[in-house]
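Open the model in your viewer and keep the selection tool at hand. We will go stop by stop.

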Amino acid sequence: MRRLSLHPLFLLYTFLFIGLLFFVQYSFGQQQSLDNGLTLEDQKSLHKTLLNDLNKLTNKKDLFYATVSLSKLNVLKEETEKAIKNLQSKHCTTTFNEKEISSPSDLYYTIGLNTALKCPKPLATENFSSLENYLKKLVEGISENTSTESIYSIVRSILLLKKRLTTLLNDKKALQRVYDLLVDKVLPSSTSKGNLIDVGFVSESISILSGLVEKKNLDNIHKVITNDIPSLMKKAPSADVSALGNLIRGLNKLSNIATKKISNDEIATLTKALSSKKQFAKNTDDIYHLVEGLQFATAGSTTNTNTSNNNTPKAVEVSDVREDKDTIKVTITNVNNNEKVVLQSVYKGSNPDDSILPKGPIKMEPVTPGSSEYQAKGVNLKEPGVYNFDIAVGGKVITRTLKTVTSDLKIRDFQMSIGKFSRTQLNYPNTLGEKLTVNVDGTTRLQVTFSLVGVTPHQVFLRLGNEDHEAIFNIKQYQPNYSLDINLERSAGNSLKFAPGEYQVQLLIGDASIKTPISWTVANVQLTFTKTYEKSEEEKLYEPRPLINHIFRKEEKRAPASIALVFCGVIAFMFLVYLINIVRVGFNFKNCPGGLSGLLAPVFIGLVVAMVGVLTLYFISWDIFDTLNYLIVLGIATTLVGSKVLSGVAKKRVE
């Protein structure tokens with residue numbers, strides 16, 4: 001059989017080809033494993049470090065940083081979800097206590113941790129107004145001397161609570177003052193000092209506020225991007241991970257609201273500087289800023305590349321709609337110069353055809369040339385409520401909502417009669433000066449009539465109650481008035497459990513279009529009932545039972561300890577006499593039997609001693625059942641062995 005031979009060059013080319021394939025596969029794998037600027041191995045290493053430290057963390061800042069970082073590392077998702085779920089039971093809170101908040105940063109980390117953990121119930125579920133008032137105080141206290149970290153924490157807290165805030169977001173002057181302060185003074189001051197962390201904090205704060213207020217003085221932002229960033233880049237290689245992460249995140253967001261963008265070279269410099277320090281990220285603070293910084297650096301680089309190469313925006317971003325008299329304003333970024341921005345429809349509900357625009361769609365123009373803020377004039381939102389705005393950018397329609405409110409809700413012609421009492425001179429928000437005393441029987445009625453001017457609310461109730469009991473009734477509208485007529489005993493008796501006492505008559509009015517809901521205590525009434533309350537079967541089943549008092553048997557009388565000691569002494573004396581007599585008489589083994597009986601004699605004595613030991617343990621600690629078990633076994637053995645030994649002793653004596 002002929003042997004196959006291969007040319008050496010063929011073998012060389014084959015090995016080179018295989019090596020090339022491995023190289024390409026490895027390079028492609030490394031590229032595919034990149035996520036947020038980190039390789040798959042980097043992410044697994046950071047993930048392991050965070051999980052190992054997670055249960056040791058106690059303060060909110062570290063817990064927030066660790067939770068956010070774990071969520072953004074796209075590895076071991078099941079382990080991450082399990083770890084976050086375990087933290088929910090320990091760190092999710094629904095109450096807000098101003099005394100427990102030490103600083104704006106502490107507030108931000110409290111809110112952020114609840115959000116990052118995806119807690120079932122939001123923070124301050126029951127007292128959100130207290131949280132909003134506290135946040136409003138912090139906003140009003142911001143000045144040029146306030147630290148950039150505190151300002152950043154306050155603004156980030158507003159962003160996280162944006163969907164729940166009402167009073168604070170409506171106070172445009174306070175937010176506009178903070179925005180102007182940051183753009184005009186704080187940002188130039190921070191960049192001139194070259195503090196990377198401060199620049200990052202201020203830049204992101206400006207970006208967030210730009211979506212809530214009117215953007216002004218964009219020239220200052222353009223100057224920072226054009227003139228100051230190059231000098232900041234020189235400090236990047238020597239900066240730590242936290243400073244670089246803050247700077248990248250802030251500048252990336254700041255460039256989104258300005259026409260001047262950060263160049264790809266500048267982004268590459270920041271990315272390279274931050275990536276070179278990833279091996280030093282060992283704690284939660286550094287890991288958080290590393291992940292956040294690389295994510296925004298990668299996103300910023302991609303956006304700028306797409307914009308410069310294709311001249312087509314990656315994604316159009318539209319901020320929330322704002323109303324300024326008869327003008328609608330909105331911030332739109334990433335708009336191509338050739339694309340038109342059109343306000344197609346403004347409507348309530350879900351049907352765009354119910355538009356309130358009298359002349360159809362309106363073209364939106366930039367407030368100033370090159371600005372990302374667009375406006376549409378002549379839009380009059382007459383009635384308060386929630387409006388939907390369909391904004392067309394190119395061929396894409398984006399919907400945003402705006403809630404308008406009114407504070408001009410007036411209560412007129414309020415009249416109330418309860419039992420024999422009738423009062424007509426009642427004006428909101430005054431409470432009736434006299435206390436009414438009413439004996440409620442089957443004929444007693446409560447009647448209320450009034451009218452509202454300004455808006456037609458969705459919720460109008462009358463509450464009759466105190467701290468222990470209450471009854472709430474829906475007041476219906478019979479044009480043009482609201483009225484309620486009920487039999488007190490039949491409608492409210494069971495809810496009040498026919499309990500006599502002082503009750504408040506309160507009018508409650510709420511609606512999404514009302515700036516401040518109405519809670520008016522109309523009068524205080526002293527009610528007594530002729531009927532008594534009968535508990536239902538369910539109430540009887542779960543009502544408290546009578547207290548059980550256990551009676552313990554008294555201890556039996558015993559002899560004094562002195563008598564017991566006398567008897568012990570007598571027994572000890574007799575035992576001593578016994579030992580003395582044994583010594584005097586003497587003892588020997590002459591009568592000890594031989595053979596098997598002699599061998600069993602020590603066993604017999606040992607069994608007798610064991611029985612005495614069992615009885616001793618019975619008197620000390622054992623119960624009767626354990627004692628009997630051992631005595632039965634020892635008794636049988638003692639009987640068998642003893643009969644053999646004693647019979648041997650008897651034979652010995654006969655001999």
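The tour visits a sheet, then some salt bridges, then a surface patch.

Before you start: this is a predicted model, where local features need pLDDT of at least 70, side-chain atom pairs count only at pLDDT 80 or more, and totals for chains, interfaces and linings use all residues. Residues are numbered from 1 along each chain as its sequence is written, and side-chain values use heavy atoms, with hydrogens and water left out.

**Stop 1: the sheet**

Select 362-363 and 396-404. These are strands S5 and S9, the edge strands, each pairing on one side only. They belong to an open sheet of four strands, in the order S5-S4-S8-S9, with antiparallel pairing. Strands here are DSSP runs (E, at least two residues), helices likewise (H or I, at least four), and both are numbered from the N terminus. Two strands pair if DSSP finds at least two bridges between them. Now add 341-347, strand S4: two bridges join S4 to S5. Zoom in on Val-342, which stands opposite Lys-363 in S5.

**Stop 2: salt bridges**

A salt bridge is a side-chain nitrogen of Lys or Arg within 4 Å of a carboxyl oxygen of Asp or Glu. By this rule the count comes to nine. We visit some of them.

Select Glu-144 and Lys-185. Their closest N and O atoms are 3.9 Å apart. Glu-144 lies in the loop between helices H6 and H7, and Lys-185 in helix H9, so the pair ties together parts that are 41 residues apart in sequence.

Next, select Arg-156 and Glu-204. The closest N and O atoms of this salt bridge are 3.5 Å apart. Arg-156 is in H7 and Glu-204 in H10, so parts 48 residues apart in sequence are tied together. Are these two residues buried or exposed? Both Arg-156 and Glu-204 are buried. Buried means under 20% relative accessible area, exposed over 50%, partly exposed in between (1.4 Å probe, protein chains only).

Move to Lys-435 and Glu-502, whose side chains meet at 3.1 Å, N to O. Lys-435 is partly exposed at 47%, and Glu-502 is partly exposed at 32%.

**Stop 3: the nonpolar patch**

Select 595-620 and 624-654. These helices, H18 and H19, each give two or more residues to a nonpolar surface patch. The patch covers about 1,100 Å², and its members include Leu-615, Phe-619 and Ile-632. H19 gives the largest share, six residues. Finish on Leu-615, found in H18.

Notes:
Patch = residues over 30% accessible without salt bridge, like charges linked within 9 Å, V, L, I, M, F, W, Y side chains within 5 Å. Areas by Shrake-Rupley, 256 points an atom, 1.4 Å probe, with all protein chains shown as cover.
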